[in-house]
Amino acid sequence: AMMLTLVLASSFPVMFVGWEGVGLCSYLLIGFEFEKEVAASAGKKAFLVNRVGDLGFFLGMVWIFAAFGTLSIAGVMEGVSRVPVEVATGIGILLFIGACGKSAQVPLYVWLPDAMAGPTPVSALIHAATMVTAGVYMVCRCSALYVRGPAALVAGGWVGALSAVSQLGTMFVAVGVGAFSAAIFHLMTHAFFKALLFLGAGSVIHALGGEQDLRRMGGLRRHLPVTYGTFLLGTLAITGVPGFSGFFSKDEILWKAYGEGNPWGLGGKVLWGVGVVAAGMTAFYMFRLLLRAFYGEARYGEAAAHHLHESPRVMAVPLMVLGVLSVVGGWVGIPKSLSFGADLNAFEHYLAPVFGEAAEKAGTHEPGLEGGLMVLALAAVGAGILLAARFYLQKPELPERVVERFPTLARLVLNKYYVDELYQRIIIGPYERLCGAFNAFDKTVVDATVNATGTGTEVASQVLKLFQTGSVRNYALFLFLGALALLWYLG
């Protein structure tokens, strides 16, 4: 319901309701197994990091209302030409901060790796197909605003480049060069193969009785033929092997990013180079996963071996459906270089009325160039696959040798570049100390004042109760003494 609210909203506040709703669902589902400290902490981490991004989105809405007098998305897009470029740029950057949180881009990406504490169907639905791509969707829907303030696109493109090992980063590279239709195209194909890979991982975990350590797998392709076959399709799609859905959408992004065709001077060749390197890295780590899980010697224990079985139909049928879509899902966007000059990119034509002028801004190159760029990108993919095969199939002892040869680099990668530790030192630690100072003030000043009021009342009551004895003789004595005191005072 929240996903549909987000997508179908006609105004920014309604979109924000769906935006926050899917974030709430993510938080609740990541921490679904709340008795596990890892899951509970991961849920809180996702919630807090996304609130940082959502503050940017909210401030962007405030500025939109101040500048346009409306929060209708259509009204803002129609009136964008009447606002200064600086205003459009500022609004675009604030909205993009929200997109960074939701779509896990640098520097707000740290919640997504820990989100894998949630069950794999949750990740397939929310962290692959819809919620994490909401940032890309929002930016593309505001394309006219970003075209008006292109500096915000510069930020988006380079943030996407820094995050490009993630497929979401690749989408933001497309957004950064104004290739909005290519970004949405990759968003669609990504939903197929990434959801398939998450569910495939869940099928493996189920087959091994809950085992999730990749180092305790191996040789599973003989026992899990359906899971292996569909997982292989998803792997080929995400790496961009020709004929699979990811190939068409990723090639479209690299093609649009290259060259000087975009009018904003966004360093397209650099972004293209980053994209090619990221494609090679994706091929390496995905085939590392495939080879370690399904090839080689079995490394699981006797308990897992006893439990080992193919998943039931309720799990296998969705895998097969997504496997088919991972193959054919990209055929609606076949580039000219692969269609003998015919214009078969139906997806781009379908979205052209949505993006209007922005649809024509990016990627105007010489017609024969795309094929050459495609060959270079495929060479990087092939190199990644061959390197993974060398490391994890032919010479499985090589990774240990590399770790022994480069221990510092190995620790750096193992600890995720110490980004969490850096945030702990420069943000969370000082914040906790500030909270400690306020807590001390609360106890020593605020609580002390409140407690003093209660203590004073109690002391006063102890004194006054001396005069409330219930004895008539005492009351008569007090009356007599009071009368004497009054006469003495008046006299």
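## Arg 82 and its loop

Arg 82 is exposed, with a relative accessible area of 67%, where exposed denotes over 50%, buried under 20% and partly exposed the range in between, evaluated with a 1.4 Å probe on protein chains only. The residue sits in the loop that runs between helix 4 (73–78) and helix 5 (85–102), helices being DSSP runs of H or I with at least four residues and strands runs of E with at least two, both numbered from the N terminus. From Arg 82 to Phe 68 the C-alpha to C-alpha distance is 8.8 Å, at a separation of 14 residues in sequence.

## Basis of the model

This is a predicted model, in which local features need pLDDT of at least 70 and side-chain atom pairs count only at pLDDT 80 or more, whereas totals for chains, interfaces and linings use all residues. Residues are numbered from 1 along each chain as its sequence is written, and side-chain values use heavy atoms, with hydrogens and water left out.

The pLDDT, which is the predictor's confidence in each residue on a scale from 0 to 100, averages 91 over the protein, and 95% of the residues score at least 70. Among the elements, helix 13 (residues 225–239) has the highest mean pLDDT, 98, and helix 16 (residues 302–307) the lowest, 79.

## Overall architecture

The protein contains 23 helices and zero strands. Its radius of gyration is 31 Å, while a compact globule of 491 residues would have one near 23 Å; the radius is taken over C-alpha atoms, and the globule rule is 2.2 Å times the number of residues to the power 0.38. Along the principal axes, the C-alpha trace spans about 120 × 70 × 45 Å.

Of the 491 residues, 45% count as buried. With contact defined as heavy atoms within 4.5 Å, 77% of the contacts between residues at least 6 apart in sequence join residues at least 24 apart. The exposed surface amounts to about 24,500 Å², of which carbon and sulfur atoms supply 69%, as given by the Shrake-Rupley method with a 1.4 Å probe.

## A buried tryptophan in helix 15

Trp 272 belongs to helix 15 (residues 268–294), and this residue counts as buried because its relative accessibility is 13%. Leaving aside neighbours within four places in sequence, Trp 272 is in contact with Leu 254, Ala 257, Tyr 258, Leu 373 and Leu 376. For one of these partners, Leu 254, the C-alpha atom is separated from that of Trp 272 by 5.5 Å, the two residues being 18 apart along the chain.

## Backbone exceptions

Most residues other than glycine have a negative phi, and most peptide bonds are trans. The peptide bond from Val 106 to Pro 107, however, is cis, with omega near 10°, and Pro 107 is placed in the loop between helix 5 and helix 6 (111–114).

The loop between helix 21 (407–414) and helix 22 (419–464) holds Lys 416, and Tyr 417 is placed in the loop between helix 21 and helix 22 as well. Lys 416 has a phi near 55°, a positive value in a residue other than glycine, and Tyr 417, although not a glycine, has a positive phi of about 65°. As for their accessibility, Lys 416 is partly exposed, with a relative accessible area of 40%, and Tyr 417 is exposed, with a relative accessible area of 54%.
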